Amino acid sequence: MQDEKKFSWVSYTSFGLGTLSFVITISFCLSVLPGVLKLTVYSVPISVPISIVLGVIALRKKNEKRLLANIGITLGLIIGISLFFIIGFFWLITPVHPN
């Protein structure tokens, strides 16, 4: 009997966290949900690295399908890089007021 490749909890978690961070970031940019700033500040910096690490772990497993892990890594990198530039942009345009 041949060993079939399948998804494990690592792939599902990587995909879920990548998707969650994507949805939270989009709702932050569109300001759809109230209180989304606190949700973005606390959850996205935690979920993005975890999504990337779990995606890499899933890619290294031999009996693992790779689609969800690739999507999780891609979403994590896109959100991480875009938030880095968004925060950097707001940091640059914020005026400094001396006391």
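A salt bridge, as I use the term in these entries, is a side-chain nitrogen of Lys or Arg within 4 Å of a carboxyl oxygen of Asp or Glu. I note at the outset that the model I am reading is a predicted one.

**Entry 1, charged pair.** I searched the whole structure for salt bridges and found one. Lys-61 pairs with Glu-64, and their closest N and O atoms are 3.8 Å apart, which I accept because the cut-off is 4 Å. Side chains of opposite charge can pair when their charged atoms come close. I then looked up how far each partner is covered: Lys-61 is partly exposed, with a relative accessible area of 33%, whereas Glu-64 is buried, with a relative accessible area of 2%.

**Entry 2, packing of α2 and α3.** I next turned to helix α2, residues 36–60, and found that α2 and α3 pack at an angle of about 145 degrees, their axes being 8 Å apart. The crossing in which α2 passes α3 is left-handed. I listed the residues that make this contact, and on the α2 side they include Val-44, Val-48, Ser-51, Ile-52 and Gly-55, while on the α3 side I noted, among them, Gly-72, Ile-73, Gly-76, Leu-77 and Gly-80.

**Entry 3, Ser-51.** Which residues does Ser-51 touch, leaving aside those up to four places away in sequence? I found Ser-14, Leu-17, Gly-18 and Gly-72. Ser-51 itself sits in helix α2, and I record it as buried because its relative accessible area is 0%, with under 20% being the limit for that word. Gly-72 of α3 also appears in the list of residues that form the contact between α2 and α3.

**Entry 4, Val-23.** I looked up Val-23 in helix α1, which covers residues 9–30, and found this valine partly exposed, with a relative accessible area of 48%. I also checked its separation from Ala-58, a residue 35 places away along the chain, and the two C-alpha atoms are 22 Å apart. Ala-58 is one of the α2 residues in the contact with α3.

**Entry 5, a nonpolar surface patch.** Where on the surface do Phe-89, Phe-90, Trp-91, Leu-92 and Ile-93 form a patch, and how much accessible area do they have together? These five residues follow one another in sequence, and I noted about 640 Å² for their nonpolar patch. Phe-90 belongs to helix α3, which spans residues 67–93. I record Phe-90 as partly exposed, with a relative accessible area of 45%.

Technical notes
Residues are numbered from 1 along each chain as its sequence is written. This is a predicted model: local features need pLDDT of at least 70, side-chain atom pairs count only at pLDDT 80 or more; totals for chains, interfaces and linings use all residues. Side-chain values use heavy atoms; hydrogens and water are left out. Patches are made of residues with over 30% relative accessible area and no salt bridge: like charges are joined within 9 Å, nonpolar side chains (Val, Leu, Ile, Met, Phe, Trp, Tyr) within 5 Å. Accessible areas come from the Shrake-Rupley method with a 1.4 Å probe; for residues, only the protein chains shown count as cover. Buried means under 20% relative accessible area, exposed over 50%, partly exposed in between (1.4 Å probe, protein chains only). Axes are lines fitted to C-alpha atoms, for helices over the stretch in contact, and angles run from 0 to 180 degrees between N-to-C directions. A crossing is left-handed if the near helix is turned anticlockwise from the far one by less than a right angle, and right-handed if clockwise. Contact means heavy atoms within 4.5 Å.
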